[in-house]
Amino acid sequence: MYKRADVKVGFACNNHCTFCVQWDKRLRFKPRSLEEIQTIIQGEYDKWALYIVFTGGEPTVHPQLVEAVAYAKQVGYKQIQIQSNWTNFDKIEYVQKLIEAGVTEFSPSIHGFHKETHDRQVVTKWAWERVVKWLINLRKLNQIVIINSVVTKENYKEIPELAALLIKLNVTQFQFAFVHILWSAAANKEDVVPKKSLVMPYIYKALDLAKKAGIPAYTEAIPYCLMQWYEWAIAENHMPETSVVDAEYRVDSYADYRWSEWKSKRENCRTCVKDKYCEWPWKEYPDMYWWSEFEPIKKD
Ligand code: SF4
């Protein structure tokens, strides 16, 4: 599997998600110029990336995203993804321009089965309708559509219905990422962060539906001990090695960075048969709910 580069083209965004991990960067950093983005694109390619993800903030509010995509294609990237909240797409011509420029997959996010749940969390009216409209259009355009949904206190009970909707809309793949308790999510944590043990029955149902429908589905930031019988869906086991070009720093290996900076483990985990492979929860999670849900697995 080849290396992936995650490139943040700017931090401006038209949503104001209650769980945003980019916090005030939208105020502190200007969008990157096209020249700066092109230098990053070439630099990551020279460091062996063949897969590039344009993200932010919201990449589609950058006025030269199409040019950046075209440059990535010209440089030689094999896979080009746009990660978007999809609130900004009104014209099919814009999407067609992105496809013509070289986008090979779209990764929209949707955070609820009910439109009110999604709109309340992204703090934008009519956002859900737009995402769903464009999921339908993208599939009509025969595009690869990889959905990301953040799991929160507001939406976890809707996860199976959301999975059923995504299956009906014929998306290519979907993923449920447990909210990372940073910045906005940390500031709103009592309202945003659910207990994992309460969430899991809904996740299992969603994964069962995906498996039955033959659609790849994954979870992120949920350790093995809560994923027994569903280990096949642990996203971290399928992620390519990824570099991240953020506002003020570059991370060469996102996996190493996650393990060393963002994940937490307790002594008891050493007795678990999955200890060597498990990424453990985000380190802020046990501070909130402690460790009682994470029971070491004794036998493979
Ligand atoms: S007990 Fe610890 S090492 Fe084992 S699966 Fe759970 S979090 Fe991972």
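Okay, let's start with the ligand. The residues around it are Pro223, Tyr224, Cys225, Cys269, Cys272, Asp275, Cys278, Trp280, Glu295 and Pro296. Keep in mind that this is a predicted model.

So what kind of shell is that, by class? Eight of those residues around the ligand are nonpolar, two are charged, and none is polar. If you're wondering where the cysteines come in, Cys counts as nonpolar here, and the ones in the shell are Cys225, Cys269, Cys272 and Cys278. The charged pair is Asp275 and Glu295. And where does the ligand sit? The space it takes up is the largest cavity.

Right, on to the helices. I've got two pairs to show you.

First pair: H2, which covers residues 34-46, and H3, residues 65-75. Their axes are 10 Å apart, and the two helices pack at an angle of about 30°. Anything under 35 degrees counts as roughly parallel, so that's what we call H2 relative to H3. As for handedness, H2 and H3 make a right-handed crossing.

Second pair: H3 again, this time with H4, residues 92-101. Here the axes come within 8 Å, and the crossing is at roughly 20°. H3 and H4 are therefore roughly parallel to each other as well. Which hand does this crossing have, left or right? For H3 and H4, it's right-handed.

Terms used: Residues are numbered from 1 along each chain as its sequence is written. This is a predicted model: local features need pLDDT of at least 70, side-chain atom pairs count only at pLDDT 80 or more; totals for chains, interfaces and linings use all residues. Side-chain values use heavy atoms; hydrogens and water are left out. A residue is near a molecule or strand if one of its heavy atoms lies within 4 Å of it. On a 1 Å grid over the protein atoms alone, a cavity is a set of points where a 1.4 Å probe fits but cannot get out, and a pocket is an open set with protein on both sides within 12 Å along at least five of seven lines; lining residues have an atom within 4 Å of a point. A molecule sits in a cavity or pocket if more than half of its atoms lie within 2 Å of its grid points. Axes are lines fitted to C-alpha atoms, for helices over the stretch in contact, and angles run from 0 to 180 degrees between N-to-C directions. Helices (H or I, at least four residues) and strands (E, at least two) are DSSP runs, numbered from the N terminus. Angles under 35 degrees count as roughly parallel, over 145 as roughly antiparallel, 65 to 115 as roughly perpendicular and the rest as oblique. A crossing is left-handed if the near helix is turned anticlockwise from the far one by less than a right angle, and right-handed if clockwise.
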